Amino acid sequence: MQDFKIAPSILAADFARLGQEVDDVLEAGADIVHFDVMDNHYVPNLTVGPMVAKALRNYGITAPIDVHLMVEPVDDLIGMFADAGATYITFHPEASRHVDRSIQLIKAAGCKAGLVLNPATEVDSIKTVLPQLDMLLLMSVNPGFGGQKFIPYTIDKLRQARAAIDATGQSIRLEIDGGVTADNIREIAEAGADTFVAGSAIFSKPNYKDAITAMREQLAL
Ligand code: DX5
Ligand code: ZN
């Protein structure tokens, strides 16, 4: 069985009770906490920063925290998120003037590094730096908001990304973010993804365990 990971996005959680919400999804079987950071500059929405990641660590969350930076510029926040307890830090190449340098900063800070490709950004555009990455994240919606519909052409991009990752011979996670549900997760996995972000498909459900189990059942088929 492949090593599939489910990463609920806190964007869809109840922020007034964030610690408990994160505890609840982990208890329900989630593997990774997907932490969406938006700056009302790179994307037209505003969320949370390193203080909140730190608060989750202080609350006792020990699961990997996958910090998805939708901010511009990128570099200033890397050290702060590393200090706050980030496990992965991913960023959009369009948001960094020097992508290689940003990757090196993340690694030097002791975190795993990833790049995030918007729907219109080609997989080929990051091929040169791919071997340096721990994760490649493909956006299957335009970043900024939860609850959007999965863009179908992402399936083809996932196949390209899977082939590019396999060609490196390294273990690089292939994550998908946006519009993932129990109805499409199987097709997404078959196209090559191994890490699945899901916000509304988990947090909008009354029972998180049922929502995550429904996804895992599809992955086990
Ligand atoms: C969008 C965020 C996603 C989002 C996913 O910019 O990066 O992580 O929260 O939400 P759903 O699963 O509802 O599409
Ligand atoms: Zn995200």
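**Entry 1: a turn after H4**

I began just past helix H4, where Gly110 takes a positive phi of about 90 degrees. I note here that the model is predicted.

**Entry 2: helix H4**

I then went back into H4 itself, residues 99-108. Which of its residues are buried? I found Val99, Ser102, Ile103, Leu105 and Ile106. They cover an arc of only 160 degrees around the axis, so they sit on the same side of H4. I checked the face turned away from that buried side. There I found the exposed residues Asp100, Arg101 and Ala108. Next I looked up what covers the buried residues of H4. The cover includes helix H3 (75-84), strand E4 (88-91) and strand E5 (112-117).

**Entry 3: the whole chain**

I stepped back to the protein chain. It has 8 helices and 8 strands. Its radius of gyration is 16 Å, close to the 17 Å that the globule rule gives for 221 residues, so the chain is as compact as a globular protein of that length. Along the principal axes, I read a C-alpha trace of about 45 × 40 × 30 Å. Buried residues make up 44% of the 221. I also looked at contacts with a separation of 6 or more. Of these, 64% join residues 24 or more positions apart.

**Entry 4: the active-site record**

I turned to the UniProt record, an unreviewed entry. It places "active site" at Asp36 and Asp177. They span 142 residues in sequence, yet their C-alpha atoms are no more than 10.5 Å apart, so they gather at one spot.

I took Asp36 first. It lies in strand E2. Is Asp36 buried or exposed? Asp36 has 24 other C-beta atoms within 10 Å, so it is buried. Leaving out residues up to four places away in sequence, Asp36 touches Ser9, Ile10, Leu11, Thr47, His68 and Met70.

Then I took Asp177, in strand E7 (residues 173-177). Asp177 has 27 C-beta neighbours inside 10 Å, so it also counts as buried. Beyond its neighbours within four places in sequence, Asp177 is in contact with His68, Leu137, Met139, Ser140 and Val197.

**Entry 5: His68 and Gly178**

His68 turned up in the contacts of Asp36 and in those of Asp177, and I followed it up. The unreviewed UniProt entry lists His68 under "binding site", along with others including Ser9, Asp177 and Gly178. His68 is in strand E3 (residues 65-70). It is buried, with 27 other C-beta atoms within 10 Å. Besides Asp36 and Asp177, its contacts outside four places in sequence include His34, Thr90, Val116 and Leu137.

Gly178 sits in the loop between E7 and helix H6 (185-190). What is its burial, given 24 C-beta neighbours inside 10 Å? Gly178 counts as buried. Its contacts, not counting residues up to four places away in sequence, are Met139, Ser140, Val141, Gln148 and Phe150.

**Entry 6: the ligand shell**

Last, I looked at ligand 1. How many residues surround it? I have 21, and the closest are Leu11, Pro143, Gly146, Gly199 and Ser200. Strand E2 (33-38), strand E8 (195-198) and helix H7 (200-203) are the elements that give two or more residues to this shell. By kind, the shell divides into 8 nonpolar, 11 polar and 2 charged residues. I checked the closest residues against the record: Gly146, Gly199 and Ser200 are among the "binding site" positions in the unreviewed UniProt entry.

Definitions and conventions
Residues are numbered from 1 along each chain as its sequence is written. Chains are lettered from A and ligands numbered from 1 in the order in which they are written. This is a predicted model: local features need pLDDT of at least 70, side-chain atom pairs count only at pLDDT 80 or more; totals for chains, interfaces and linings use all residues. A residue is near a molecule or strand if its C-beta atom, placed from the backbone, lies within 6 Å of it. Helices (H or I, at least four residues) and strands (E, at least two) are DSSP runs, numbered from the N terminus. Ala, Val, Leu, Ile, Met, Phe, Trp, Tyr, Cys and Pro count as nonpolar, Asp, Glu, Lys and Arg as charged, and the others, Gly among them, as polar. UniProt positions are given in the numbering used here, feature names are shortened, and annotations may be inferred rather than shown by experiment. A residue is buried if 20 or more other C-beta atoms lie within 10 Å of its own, exposed if 12 or fewer, and partly exposed in between; C-beta atoms are placed from the backbone. Two residues are in contact if their C-beta atoms, placed from the backbone, lie within 7 Å. The radius of gyration is taken over C-alpha atoms; the globule rule is 2.2 Å times the number of residues to the power 0.38. The arc is that of the directions from the helix axis to the C-beta atoms.
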